Amino acid sequence: MLIHAIAIAVTLQMNNVARAPTGHLERAQQEVIRLYHNIGVDLAWTGSDAARATPAPDIRVVLVPYGAGDMVHREKLVMGAAVLTKLGTSVAYIFYRQVETQARQYDYSLPMILASAIAHEIGHLLLPDGRHSPEGLMRACWTRDDFHRANQGQLRFSNEQAAQIREGLQALVEHESRHRAGQ
């Protein structure tokens with residue numbers, strides 16, 4: 001019996017427009033890698049200055065200081081937004097000052113809260129319906145308990161969400177493989 005394993009990997013490009021401290025950002029990126037590795041998805045980060053010869057990232061993560069437009073007028077504090085552009089580019093915006101405010105409010109680790117916010121927005125882009133859930137990492141408005149779990153590295157995707165992300169990525173890998181074979 002021959003078993004073929006296809007690695008499910010996602011390339012992320014970090015754009016630190018908010019000028020978050022490098023140490024915080026590196027710790028957050030490592031935590032995002034761990035969160036996704038726990039559901040069977042490997043991530044690789046590239047910087048915004050990555051050589052043009054490298055393949056385009058699957059998702060761009062953009063740290064901006066504050067949310068703008070509709071995000072400012074929300075009743076609850078919003079830490080990010082996920083967007084699929086008309087050209088098909090997946091972008092996860094993270095509102096750094098809002099994340100910083102939440103971490104400070106609960107006296108939790110900024111890199112851990114930042115990592116959970118990044119993982120949440122990437123989740124919107126990887127889940128087939130991109131919706132929020134009633135609990136866990138994809139909850140729309142996190143409770144104090146959610147922030148506590150995020151601080152402990154325990155705010156997670158549900159088993160169903162993890163399976164949906166893996167299945168979606170597997171289907172994409174298979175589609176691209178068939179497409180390349182047909183060329």
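Helices and strands are taken here as DSSP runs, of at least four residues for a helix and at least two for a strand, numbered from the N terminus. The model is predicted.

**Exercise 1. Overall layout**

Task: State how many helices and strands the protein chain has, and in what pattern they follow one another.

Solution.
Step 1. Count the elements: the protein chain holds five helices and five strands.
Step 2. Read along the sequence, which gives β-α-β-β-β-β-α-α-α-α.
Step 3. Look at burial: of the 183 residues in the protein chain, 42% are buried.
Step 4. Look at the contacts with a separation of 6 or more: 69% of them join residues 24 or more positions apart.

**Exercise 2. Confidence**

Task: Find the mean pLDDT of the protein chain and the share of residues that reach 70 or more.

Solution.
Step 1. The mean pLDDT is 87.
Step 2. A pLDDT of 70 or more is reached by 83% of the residues.
Step 3. Turn to residues 1–6, where the pLDDT is below 50. Beyond near neighbours in sequence, this stretch has two contacts in the model.
Step 4. Predicted coordinates should not be read in detail where pLDDT is low.

**Exercise 3. Helices H2 and H3**

Task: Classify the angle between helix H2 (residues 96–106) and helix H3 (residues 110–126), then describe their contact.

Solution.
Step 1. The two axes come within 9 Å of each other and cross at roughly 125°.
Step 2. Angles of 65 to 115 degrees count as roughly perpendicular and those over 145 as roughly antiparallel. H2 and H3 fit neither class and are therefore oblique to each other.
Step 3. The crossing of H2 and H3 is right-handed.
Step 4. H2 contributes Tyr 96, Val 99, Glu 100 and Ala 103 to the contact, while H3 contributes Leu 110, Ile 113, Leu 114 and Ala 117.
Step 5. Sorted by type, the residues of this contact are seven nonpolar, no polar and one charged.

**Exercise 4. The buried side of H2**

Task: List the buried residues of H2 and name elements that cover them.

Solution.
Step 1. The buried residues are Tyr 96, Gln 98, Val 99, Glu 100, Gln 102, Ala 103 and Tyr 106.
Step 2. Their cover includes strand S3 (59–64), strand S5 (90–95), H3 and helix H4 (144–151).

**Exercise 5. Helices H1 and H3**

Task: Carry out the analysis of the angle and the contact for helix H1 (residues 22–37) and H3.

Solution.
Step 1. H1 and H3 pack at about 50°, and their axes are 8 Å apart.
Step 2. Angles under 35 degrees count as roughly parallel, and 65 to 115 as roughly perpendicular. The angle fits neither class, so H1 and H3 are oblique to each other.
Step 3. H1 and H3 make a right-handed crossing.
Step 4. Residues of H1 in the contact include Leu 25, Ala 28, Val 32 and Leu 35. Those of H3 include Leu 114, Ala 115, Ile 118 and Ile 122.
Step 5. The full contact divides into 14 nonpolar, two polar and two charged residues.

**Exercise 6. Positive phi**

Task: Locate Arg 19 and Asp 107 and decide whether each is buried or exposed.

Solution.
Step 1. Most residues other than glycine have a negative phi.
Step 2. Arg 19 has a positive phi, near 55°, and Asp 107 has a positive phi near 60°.
Step 3. Arg 19 sits in the loop between strand S1 (9–16) and H1. Asp 107 sits in the loop between H2 and H3.
Step 4. The cut-off for exposed is over 50% relative accessible area. Arg 19, at 74%, is therefore exposed, and so is Asp 107, at 70%.

**Exercise 7. Three single residues**

Task: Give the location and burial class of Gln 161, Gln 154 and Ala 68.

Solution.
Step 1. Gln 161 belongs to helix H5 (residues 159–181). Its relative accessible area is 8%, under the 20% cut-off, so Gln 161 is buried. Leaving aside neighbours within four places in sequence, Gln 161 contacts Leu 127, Ser 133 and Met 138.
Step 2. Gln 154 is in the loop between H4 and H5. At 36%, Gln 154 counts as partly exposed. Its C-alpha atom is separated by 9.1 Å from that of Gly 136, 18 residues apart along the chain.
Step 3. Ala 68 is in the loop between S3 and strand S4 (80–84). With a relative accessible area of 55%, Ala 68 is exposed. The C-alpha atoms of Ala 68 and Phe 95 are separated by 9.1 Å, and the two residues are 27 apart along the chain.

How values were computed:
Residues numbered from 1 in each chain as written. Predicted model: local features only at pLDDT ≥ 70, side-chain atom pairs only at ≥ 80, totals over all residues. Heavy atoms only, no water. Axes fitted to C-alpha atoms, helices over the stretch in contact; angles between N-to-C directions. Left-handed = near helix turned anticlockwise from the far one by under 90°. Contact = heavy atoms within 4.5 Å. Nonpolar A, V, L, I, M, F, W, Y, C, P; charged D, E, K, R; others polar. pLDDT = per-residue confidence, 0-100. Buried < 20%, exposed > 50% of the residue type's maximum accessible area, 1.4 Å probe, protein only.
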